[in-house]
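Trainee: I would be grateful for a close look at a single part of this model. Please describe one hairpin and the strands around it, and then place that part in the context of the chain.

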Amino acid sequence: MDLPASAASGTSIDLAIARKVEDEMTRLLYRSATFGLFSNFVLGALLVAVAGQYFTADLNVWWFSTILVISLIRLALNLTFARLDPPPEELPKWRYLFLLGLLLAGLTWGMAGWFYLGTTAMLPRLLLILIIVGMNAGAARSLAPVLLSFWVYATCTFAPLLVRILMLNEPGSMALAAIAVIYVAFLLHTTHLHHGSVRHLFRLIFENEQLVITLNQAKKRAEAASQAKGEFLATMSHEIRTPMNGLIGMIQVLQGTDLNPQQKAHANVAGSAANTLMRLLNDILDFSKIESGKLDFESLPFSIPAAVDEVATLMRPGALEKKLQLTVLLAPRLPTTVNGDAVRLKQVLFNLLGNAIKFTERGSITIVVDAVRSDSETATVRFSVSDTGIGMDRVTQQKIFQVFTQGDNSMSRRFGGTGLGLAISQRLVERMNGLIVVNSQIAHGSEFSFEITLPLGAHEPVVKPAGPAELTPLAGSILVVENDRSNQQVIRLLLEEFGLKSTVVDNGESAIELAAQKTWDLVLMDCQMPGMDGYEATQRIRTRLNGHRLPIIALTANAMADDRAACIAAGMDGFLVKPIRREELHGCLKDWLWASN
């Protein structure tokens, strides 16, 4: 039966780790052998020097020459191994060579046990036994990486010695042999334990290395997925906002014309539907930016009372339409100015207040803002939005902050919405180090509240009046660079409504030529165009004009902070996000045209 891909991958990794452990055990075997080679030569010389007087010179020369030659051969093998650092595929051969050298050394010391025990003198016997026992004790550690090597060495060195002891047929021979067997068993047990510990250590090391590799690969995949998500988000923002610009723009143009009551009602319904679709798009994009970590927060001075009043002013018509009383209660101890992102704070309040109006059929809605704590540097402010609406049970309260979730399906059918508003609001408040808490009962309304700590501001905030700007007549000549035909028509009609003259081109090359041939008061530059995009066109216009002042305002469907930075880096002066509102376009043009005149 075939294994699943994940199981096969896991088996393959385990086999690879096992091979790496075996390879490292072979390398450790060579690294640990250096001292053993040295001790073989020294102890051999000591044995011949002390016990040699009890034996013939031929035996001493023959045995010592053998141990010397074998030790030199093994030393050369170790040095060659260290110099070559063989690759994994060659390590089995080197393990075999090590075992062969070890076998020869063990047999040589076994012959020493056989020959040098053949005397009645106590000194050579005792010295021989101590040397063989000591070398095996040291080998229990140095040869532990490969168990077979210790078995070979212990067998070759102890077996002749044990046989020779038994052949002596002296009192105590059996006891001495028994002690030697017990000692060998102890060394074998110790070697097995040490072998297991070393093997386990290497396995942990290689498993951790594999884990690091796996985590790095997962990180790279996550980063690639995040980048792909960001690119998809930017693409979808552009692709959806571009036609939405034409749709909303044409509705705005239509609403500015002379319409009979029925036509005006139809235009208002279309405008309301387009605005709802735009809010949905903004919610989805905001949530995607929050999830991908691409939502930036500003830290600018603003007035909390002014921000709350602006939200209440814009939402009050919706409350009045349902005959709901909207009350704003601002504590007198609120700080005059704080630093933070007023836009994101208002976005949260818009969502909370919008939900309160949506789910309240009769009664009132109250916004309460109070400073619960403050010191010389910061103020902790509590925001509360309460209503007398339908309320909710505890089960519903636990899931309303989940993505695409409402109280139940009947709510979605009855009240509409996607369930993104509260999820986005909670994440925005979390980014401001707060948490939205809900307190609600069925048929007794709901209260949504949160606390955030904001640094105190040192300067008075610039307060912009709520509501549409006054569309005063403008004068000037505008070069419009836009490749989408519906957007061309929308912008041209809006500029005519403002009293401005405009020339429209659909590519960057034509924009460069016209910008150099004629004096313009301002350029509206689309960023995404086939061929040469708006960034490159702007840079070339700046080069052609050689320092001559010409305001260039970006028209883009890409609403990310990175897109704004890219526009400024390319040499643009302003940034308008599609779909462009009549008031926003008018206000931007007014600022730049008056500043240049």
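Mentor: In this predicted model, the hairpin formed by β6 and β7 has 5 residues between its strands, and A443 adopts a positive phi near 70° there. The two strands of this hairpin, β6 at residues 437-440 and β7, pair in the antiparallel sense through 4 bridges. Within that pairing, V438 has F448 of β7 as its bridge partner.

Strand β7 also has a second pairing to consider. Strand β5, at residues 378-387, runs antiparallel to β7, at residues 446-455, and 9 bridges join the two. In this pairing, S386 stands opposite E447 of β7. Strand β7 is thus described by its pairing with β6 and by its pairing with β5.

The approach to the hairpin deserves attention as well. N433 lies in the loop that connects α12 (421-431) with β6. Its phi is near 65°, which is a positive value in a residue other than glycine. Is N433 buried or exposed? N433 has a relative accessible area of 72% and counts as exposed, because the cut-off for that class is over 50%.

A further positive phi occurs elsewhere in the chain. D85, which is not a glycine, has a positive phi of about 45°. The loop that holds D85 runs between α2 (57-84) and α3.

Helix α3 covers residues 91-115, and L104 is found in it. L104 belongs to a nonpolar surface patch of about 510 Å², to which Y96, L97, L100, L103 and L107 also contribute. The relative accessibility of L104 is 41%, so this residue counts as partly exposed; the class lies between the limits of 20% and 50%.

For the wider context, the chain contains 17 helices and 12 strands. It has 597 residues, of which 44% count as buried. The chain exposes about 31,100 Å², and carbon and sulfur atoms supply 60% of that area. Among the contacts in the chain with a separation of 6 or more, 74% come from residues 24 or more positions apart.

To return to the part requested: the 5 residues between β6 and β7 include A443 with its positive phi, N433 precedes β6 in the loop from α12, and β7 is joined to β5 by 9 bridges.

How values were computed. Residues numbered from 1 in each chain as written. Predicted model: local features only at pLDDT ≥ 70, side-chain atom pairs only at ≥ 80, totals over all residues. Heavy atoms only, no water. Pairing = 2+ DSSP bridges. Patch = residues over 30% accessible without salt bridge, like charges linked within 9 Å, V, L, I, M, F, W, Y side chains within 5 Å. Areas by Shrake-Rupley, 256 points an atom, 1.4 Å probe, with all protein chains shown as cover. Salt bridge = Lys/Arg side-chain N within 4 Å of Asp/Glu carboxyl O. Buried < 20%, exposed > 50% of the residue type's maximum accessible area, 1.4 Å probe, protein only. Contact = heavy atoms within 4.5 Å.
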